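Colleague: I have the model open and I'd like to know what stands behind the labels. Can we go through them one by one?

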Amino acid sequence: MDNLRDLYQEVILDHNKRPRNFRMLESCTHRADGHNPLCGDRVTVFVEVDDAVIKAVTFQGQGCAISTASASLMTTMLTGKTVAEAERLFGQFYDLVTGHSQPSSAMGKLAVLAGVRDYPSRVKCATLAWHAVQAALHNQTEPVVTE
Amino acid sequence: MSAAMTLPPTALDVTAVRAQFPILQRTIHGKPLVYLDNAASVQKPQAVIDAISGCYQQYYANVHRGVHALSEQSTAAYEGARETVRQFLNAASTQEIIFTRGTTEAINLVAASFARPRLQPDDEIVISAIEHHSNIVPWQMVCQQTGAKLRVIPVLDNGELDQQAFVELLNERTRLLGLIHVSNALGTVNPVQPMIAQAHARGIPVLLDGAQAAPHFSLDVQALDCDFYAFSGHKTYGPSGIGVLYGKAEWLNAMPPWQGGGDMIRSVTFEHTEYAPLPYKFEAGTPHIAGAIGLAAALDWMCSTGIQAIADHEQDLLEYATAQFRQIPGVRIIGQAAEKSGVLSFLIDGVHPHDIATVFDQSGVAIRAGHHCAQPVMERFGVPATARASVAAYNTREDIDTLVSAVYHVKELFG
């Protein structure tokens, strides 16, 4: 079961059970919905941007442990970053979970999701909330669908 | 029906059955494969693999038009396959057996060629709340094209259809009843015989989606008296990409072809085309020849193994699994109809079905997690998805024990 522990690390199980910033954000300036039809995962992200800096990110929805933990970790990582930094981080994160790069110190706790690269069908779960944030920042009104 | 189907039921020799499925020798992540995703697709016995490769290695050619030996042999095998299907369904004639790509294409054929020309605005098609998407979307499409309306028989909390509501839904505007024989998402066996009788009492023709029933039941379309019956090869131990539409000859003769092309014509000029008689009218283009031959081998395999013996064995496994799952705290079974077949849909408190399936996979246990192409069923039961274990002839009580340990492992990991 070692492989499983690589995927479902303690940090992931913890964020799944007690997701951080799991609420609506009244003061949000951007929001978007994400949907993964494969698993039925649904997420809504709320972002407050002030002068190109992300002041707060929250999310709501339901999903598997990977998508919930990824969304939760994302909210903790993006707060305080500039929009440009957030987009760069998403690129790095995407490369990590698709196996195109190794974890780096810049990624912080996001590195715990590196195990996803061994489960190609779960990449969509891990990136759902990130896609939704990107859609929110680009003021996309259509829900993001990862399938 | 073939002789094998009329023999008294005998207990299934599961060890002998398993020996005929080469894939069961595989390991997954170092563990023996426990394949419990049979409601999605079933593994193939050696007899089917041999029939398909035998076709390609020994006598393959195009059917129906060659005068050379290979074409004659291929044609004989392809038409022989149609006769095997006829026996399997106990249809009156091979004219009533149309080869399709699968259940989905069979239903689409009926929607396009039977329903569409007949429907007027405000006519009604009745389906049930536990249909697979393949028995919902084709009717929605035809309703959009004609202005007809889709009416839905509700499902009770235990997964059975509301028979009272069903009777009330039928009226003088109802033009067709489309019904799933066995629910792929819940395992519910619908009481199709009395429902067909009730529809027929009002002159309403009935299509049965048999994708999940054909692998488990002895079928007799004449006794059922259904007007159309659809099933898929890949769920009856045969290849994917081949399926069957049975239709009563009186309906099929009255229906226009739905695809035009080669093989479905008697004569073609630029002014006029005369269509081929049944069943060729509905089989445009070169068919899936080896697929039909593989399907026939699969149906022969089911009959010689004993359809009733397979069904009894699967029922034992389902009851064995259900009894154990009821003992596990925090596990909820979705679909508790009095009559079920082959399918155990369930949830584990606080764990998403997708995570369940990933953890199971590491134990070599293959199940399905998701909406099972039945999103309205998920919505009705207020869940985004379920985990689903489904059994076939080659599964054992040991497989179920492994499944149950995997459930405990999930609970431990996410506890």
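Colleague: Why is Ala230(B) called buried?

Modeller: This is a predicted model, so the value is computed from predicted coordinates. The relative accessibility of Ala230(B) is 0%, and buried means under 20%, so Ala230(B) counts as buried.

Colleague: Where does Ala230(B) sit, and what does it touch?

Modeller: Ala230(B) belongs to strand E9 of chain B, residues 228-232. Leaving out residues up to four places away in sequence, it touches Thr103(B), Ala106(B), Ile107(B), Leu208(B), Asp209(B), Gly210(B), Ala211(B) and Val244(B). Val110(B) is 120 residues apart from Ala230(B) along the chain, with 9.8 Å separating the two C-alpha atoms.

Colleague: What makes His313(B) buried?

Modeller: Same kind of check: the relative accessible area of His313(B) is 13%, the limit for buried is under 20%, and therefore the label is buried. His313(B) is part of helix H12 of chain B, residues 307-327.

Colleague: How do you know that the side chain of His313(B) reaches the backbone oxygen of Asn395(B)?

Modeller: From the distance, which is 2.6 Å. A polar contact needs an N or O pair within 3.5 Å, and 2.6 Å meets that. Asn395(B) is also on the list of residues touched by His313(B), together with Leu12(B), Val14(B), Ala392(B) and Ala393(B), again not counting residues up to four places away in sequence.

Colleague: Why is the pair of Tyr56(B) and Tyr60(B) called tilted?

Modeller: A search of the whole structure gives 17 aromatic pairs over all chains. For Tyr56(B) and Tyr60(B) the ring centres are 5.3 Å apart and the planes make 50 degrees. The centres have to lie within 6.5 Å to pair, stacked needs under 30 degrees and edge-to-face over 60, so 50 degrees comes out as tilted.

Colleague: Why do Tyr56(B) and Tyr60(B) count as partly exposed?

Modeller: Tyr56(B) has 48% relative accessibility and Tyr60(B) has 36%. Partly exposed is what lies between the buried limit, under 20%, and the exposed limit, over 50%, so Tyr56(B) gets that label and so does Tyr60(B).

Colleague: What links Phe90(A), Phe93(A), Tyr94(A) and Trp130(A) into a cluster?

Modeller: Ring pairs do.

Colleague: On to the backbone. What is notable about phi of His64(B)?

Modeller: Phi is near 75 degrees, a positive value, and the residue is not glycine. His64(B) is in the loop between helix H3 (46-59) and helix H4 (69-89) of chain B. Its relative accessibility is 27%, so it counts as partly exposed.

Colleague: And what makes Asn90(B) buried?

Modeller: The relative accessible area of Asn90(B) is 17%, with buried set at under 20%, so buried it is. Asn90(B) also has a positive phi, about 50 degrees, although it is not a glycine, and it lies in the loop between H4 and strand E4 (97-100) of chain B.

Colleague: Is the peptide bond from Leu278(B) to Pro279(B) cis or trans?

Modeller: That bond is cis, with omega near -5 degrees. Pro279(B) sits in the loop between strand E12 (273-275) and helix H11 (289-305) of chain B.

Colleague: Last one: how do H13(B) and H15(B) pack?

Modeller: Helix H13 (residues 353-362) and helix H15 (residues 397-414) of chain B pack at about 120 degrees, their axes 9 Å apart. The residues of this contact divide into 9 nonpolar, 1 polar and 1 charged.

Technical notes: Residues numbered from 1 in each chain as written. Chains lettered and ligands numbered in written order. Predicted model: local features only at pLDDT ≥ 70, side-chain atom pairs only at ≥ 80, totals over all residues. Heavy atoms only, no water. Axes fitted to C-alpha atoms, helices over the stretch in contact; angles between N-to-C directions. Helix = DSSP H or I, 4+ residues; strand = E, 2+ residues; numbered from the N terminus. Nonpolar A, V, L, I, M, F, W, Y, C, P; charged D, E, K, R; others polar. Buried < 20%, exposed > 50% of the residue type's maximum accessible area, 1.4 Å probe, protein only. Polar contact = N/O pair within 3.5 Å; in protein donor to acceptor, adjacent residues only side chain to side chain. Contact = heavy atoms within 4.5 Å. Phe/Tyr/Trp six-rings, centres within 6.5 Å; stacked < 30°, edge-to-face > 60°.
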